[in-house]
Amino acid sequence: MRLEIKGLTKRFGSFTANDGIDLTIEPGEIHCLLGENGAGKSTLMNMLYGLLDPTEGEILLDGTPVTFATPGDAMAAGIGMVHQHFMLVPVFTVAENVMLGREQTHALGVLNRKQAAAKVRELSDRYRLAVDPEALVESIPVGVQQRVEIIKALANDAKVLILDEPTAVLTPQEIDELMEIMRALKERGTSIIFITHKLREVKAIGDKISVIRRGKLVGTAEPTASEAELAEMMVGRAVKLKVDKAPAEPGATVLDVQGMTVIDNRGVAVVKDVSFEARAGEVLGIAGVQGNGQTELIKSLLGLLKPSAGEILLEGQNISRHGPRESLDDGIGYIPEDRSHDGYVGAFSVRENLVLDLYRNDEFSHGMRLDLDAMARNAAHRIEEFDIRTETMEAPVSSLSGGNQQKVVVAREFSRPLKVLIAAQPTRGVDVGSIEFIHQRIIQERDHGTAVIIVSTELDEIFALSDRIAVMFDGRIVGTVSPDIKREDIGLMMAGAHDPEEVSA
């Protein structure tokens, strides 16, 4: 099926999210879509999938104009979408998840689970997806869950498949497997729109690469284009893709974690007897597939969770029972992985959010009174320094794009002296140009003598920044290795190969 987009425009009041976009997706083509955060990729896809109505322009399938009032209309026309956050019921089987919304029943109204399972097996075999229809979703790996989402779309006869950031939660081996699946889909005539910010991936899998910048299509490139060329198209200027850094000169141990165990509210151990050191002037990267205890680990370091066993020592002082305010006062900086939940107050202005953990300082308050002029001067400086794109410092942070919300959090945490910087997914949802800037600032912080802990599911980011890499699997650190380790080897460790020496052999 040939998909054409002609002059597609979407306005929200005076703001134009998409401006006259023309795009053609040929049958059996993998078409990659690149763009900064807030560039308009999601808006465009939401119009294709019936979640938004275009302001202007048209969508054509095999030359026929179509309109989609709902996602159901888009699915009926042959367009499927796999969202970045999976839409699966964990306690249902694979077959039950696939049949949701299209249930087949026997004569007496009983669900025909055998028919659903047979459909899953047929699609799994045809596209080499290797999915067991009887498996509970909660019991299968994340990479297999993603295959279930693909089967859901294919079960509805999708001829065009939209994959939104599909590699965000996968190990390197699972990414390779996904690309093989995409090639199998392509061979059978399925068109794929592949949305990602990872330049390495678009070059590996794409037939064509289209770049959107600030709501406009700025060009379409071949996969032979260099990563530097693609990055420049995305940002509008030359970008350094490699982090310039001198070798680390580690000093004394600043943070010493000894035998830490964390029990969640279900009574399950999610961090299991973890020990490590973070040293001054060094970046310790913590790698792992999301959901292996990294979130609970870093929340415990800040005092958001209390360990059930073990100790956290900051310059020799036990801070295991400190709360978040005490930890911040101790000199710990924190960039949380979920900025909307832990990083800012959406209804507060940019000016206010930039001093959320600083407002008690003498610089910004006098007794019970806030110094609004000092807060405004600080905001003006940080907005310029971190290129926070906002119409005014009084705008609520909730009105900013995700990337600019992240910049507000990063700017605040870099604006005070730190002993330890804990950065979880520090560049999630941030454009290539801003990634370059944030990475440079992290290395500057390291070079000033701060102990830096980076937690990221992006292996490129881990390799670019880390002086040592600790790998987490199933709540444990299964090895600490040099950043010179091969990607495949660290991928095996992330999947549960516990012996780094055996992996590297």
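# A guided tour of the predicted model

Begin by selecting D387, which lies in the loop between α13 (372-385) and α14 (402-413). The structure on screen is a predicted model. D387 is not a glycine, yet its phi is positive, at about 50 degrees. With a relative accessibility of 39%, D387 counts as partly exposed, because that class covers values between 20% and 50%.

**Two further loop positions**

Move next to E315, in the loop between β14 and β15 (317-318). Here too the phi is positive in a residue other than glycine, with a value near 50 degrees.

Then select G303, in the loop between α9 (294-302) and β14 (309-314). Is G303 buried or exposed? Its relative accessibility is 6%, so G303 counts as buried. To see what surrounds G303, display H322, G323, P324 and S327; these are its contacts once neighbours within four places in sequence are set aside. For a sense of scale, draw a distance from the C-alpha atom of G303 to that of E138: the two are separated by 29 Å and lie 165 residues apart along the chain.

**The mixed sheet**

Now colour the strands β6, β7, β8, β3, β9 and β10. In that order, these 6 strands form an open sheet with mixed pairing. At its edges are β6 (79-82) and β10 (216-221), each of which pairs on one side only. On average, and with direction ignored, neighbouring strands of this sheet are turned by 20 degrees against each other.

Within the sheet, select residues 160-164 and 191-195, which are β7 and β8. How many bridges join these two strands, and do they run parallel or antiparallel? There are 5 bridges, and the strands run parallel. One residue pair to display is D164 with I195, its bridge partner in β8.

Helix α6 (residues 172-187) can be added to this view: the helix packs on the sheet and touches β3 (30-35), β7 and β8. The direction of α6 makes about 150 degrees with that of β8.

**Along helix α6**

Stay with α6 and follow the helix from its first C-alpha to its last. Its 16 residues reach 23 Å, close to the 22 Å expected at 1.5 Å a residue. Which residues of α6 are buried? They are P172, E174, I175, L178, M179, I181, M182, A184 and L185. Just after the helix, select G189, where phi is positive at about 95 degrees.

**Salt bridges**

Side chains of opposite charge can pair when their charged atoms come close. Searching the whole structure yields 34 salt bridges, and a few of them merit a stop.

Select E26 and R2, whose closest N and O atoms are 3.1 Å apart in a salt bridge. This pair links distant parts of the chain, 24 residues apart: E26 is in the loop between β2 (15-25) and β3, while R2 is in the segment before β1 (3-12). E26 is partly exposed at 27% relative accessibility, and R2 is partly exposed with a relative accessible area of 30%.

Next select R412 and E413, whose side chains meet in a salt bridge with an N to O distance of 3.1 Å. Both R412 and E413 are buried.

Continue to R487 and D460, where the side chains meet in a salt bridge of 2.7 Å, N to O. Which elements does this pair link? R487 belongs to helix α17 (residues 487-494) and D460 to helix α16 (residues 459-465), distant parts of the chain 27 residues apart. R487 counts as partly exposed at 27% relative accessibility, and D460 counts as partly exposed at 34%.

To complete this group, display K245, R446, D447 and D467 together; salt bridges that share partners join these residues into one network.

**A hairpin to finish**

The last selection is residues 468-473 and 476-481, which are strands β21 and β22. The two strands run antiparallel and are joined by 5 bridges. In β22, V481 is the bridge partner of I469. What lies between the two strands? They form a hairpin with 2 residues between them, and D474 in the turn has a positive phi of about 55 degrees.

Terms used:
Residues numbered from 1 in each chain as written. Predicted model: local features only at pLDDT ≥ 70, side-chain atom pairs only at ≥ 80, totals over all residues. Heavy atoms only, no water. Pairing = 2+ DSSP bridges. Helix = DSSP H or I, 4+ residues; strand = E, 2+ residues; numbered from the N terminus. Axes fitted to C-alpha atoms, helices over the stretch in contact; angles between N-to-C directions. Contact = heavy atoms within 4.5 Å. Buried < 20%, exposed > 50% of the residue type's maximum accessible area, 1.4 Å probe, protein only. Expected span 1.5 Å × (residues − 1). Salt bridge = Lys/Arg side-chain N within 4 Å of Asp/Glu carboxyl O.
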